[in-house]
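Reader: Please take one part of this model and describe it closely, then carry on to a neighbouring topic. A formal account with its terms explained would suit me.

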Amino acid sequence: MTQPLYESTLHSLPLLHRGKVRDNYAVGDDRLLMIATDRLSAFDVVMSEPIPGKGEVLTRVALFWFRKLAHVVPNHLTGDDPLSVVAADEVEQVRGRAMLVKRLTPLPIEAVVRGYLAGSGWKEYQHCGSVCGVPLPPGLQQAARLPQPIFTPATKAAAGDHDENIDFETTARLIGRELAERVRSVSMRLYEEAADYAFRRGLIIADTKFEFGLDGDGTLTVMDEMLTPDSSRFWPVSEYAPDSNPPSYDKQVVRDWLEAYRENGKPWDKRAPAPNLDESITQAVSDRYQRLAVRLISV
């Protein structure tokens with residue numbers, strides 16, 4: 001594992017955007033160098049402490065899924081070596097944590113698929129018995145497996161704002177009905193194939209989100225990351241039980257710690273700046289990410 005990288009500082013390429021986790025640099029007019037840093041966001045706020053090894057795990061897991069599920073939908077990978085486009089003194093910022101990808105026109109939604117009732121979906125279900133306009137049977141428990149996976153999109157939040165769940169009709173108005181139906185169909189197939197594979201590896205993918213863009217020909221293309229512990233909720237099959245908050249191989253431990261955090265008796269308001277994470281929490285997240293990668297990818 002290399003030294004943690006909180007923020008990249010390349011001088012050989014122009015910086016286009018610094019997101020919650022990734023730093024994106026322009027490589028000509030048609031490609032991007034995406035560097036997965038060790039930053040972590042929770043409740044759409046970036047924490048001040050890096051998670052050791054996180055960016056490398058995100059990259060390794062995303063590359064695994066992009067290649068494994070390439071038969072379902074095209075992805076943004078160019079196949080070129082990220083190290084080939086940076087200066088010699090920048091290689092260690094890039095090695096093992098970057099992808100050289102096609103520049104796409106991103107869709108303004110996150111394509112969320114849920115197979116289990118957790119997180120914001122569970123909260124919404126308790127309030128109205130549905131999630132993003134999808135009605136669900138009454139009497140479901142927290143972490144319950146849904147009768148079938150559901151598509152529950154969200155708008156993309158600007159930095160510091162929160163993603164907002166939306167229904168399918170709103171999605172259709174945003175991107176057009178035909179494209180919305182295509183995104184829904186592809187997202188469901190990606191989730192179902194990945195969930196089947198993960199289950200055979202002893203993992204439940206409770207929910208996940210995909211991001212899509214269009215290339216110059218209008219081809220729908222999956223981008224950014226896919227089925228990583230940053231974008232998905234992973235539970236061990238051996239410890240899963242409904243009506244509980246199952247232990248996870250993602251950043252849920254940070255969310256739980258932040259929910260319980262109190263300063264002068266007051267909870268955190270989920271706005272920046274976030275409370276400083278204890279070292280035990282950053283190490284716990286690092287360990288979970290590493291174990292997930294081994295479980296998913298190792299032969």
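Author: The lining of the second largest pocket comprises ten nonpolar, two polar and three charged residues (Ala, Val, Leu, Ile, Met, Phe, Trp, Tyr, Cys and Pro count as nonpolar, Asp, Glu, Lys and Arg as charged, the others, Gly among them, as polar). The model is predicted: local features need pLDDT of at least 70 and side-chain atom pairs 80 or more, while totals for chains, interfaces and linings use all residues. Numbering runs from 1 along each chain as its sequence is written, and side-chain values use heavy atoms, without hydrogens or water.

Of the 15 lining residues, Tyr116, Arg145, Tyr191, Ala195 and Asp196 lie nearest the centre of this pocket. At least two lining residues come from each of β8 (109-116), β11 (145-151), α5 (177-200) and β14 (203-214) (DSSP runs numbered from the N terminus, helices being H or I of at least four residues and strands E of at least two).

Turning to helix packing, α1 (residues 54-68) and α7 (residues 279-297) pack at about 20 degrees, with axes 10 Å apart (lines fitted to C-alpha atoms over the stretch in contact, with angles from 0 to 180 degrees between N-to-C directions). The two helices are therefore roughly parallel (under 35 degrees; over 145 is roughly antiparallel, 65 to 115 roughly perpendicular, the rest oblique). Among the residues that meet (heavy atoms within 4.5 Å) are Val57, Phe64 and Trp65 in α1 and Tyr289 and Leu296 in α7. This contact holds nine nonpolar, one polar and two charged residues.

Helix α6 (residues 252-260) crosses α7 at roughly 155 degrees, the axes coming within 9 Å; α6 and α7 are therefore roughly antiparallel. Here Val253, Val254 and Trp257 in α6 meet Ile281, Val285 and Arg288 in α7, giving five nonpolar, no polar and one charged residues.

Terms used
On a 1 Å grid over the protein atoms alone, a cavity is a set of points where a 1.4 Å probe fits but cannot get out, and a pocket is an open set with protein on both sides within 12 Å along at least five of seven lines; lining residues have an atom within 4 Å of a point.
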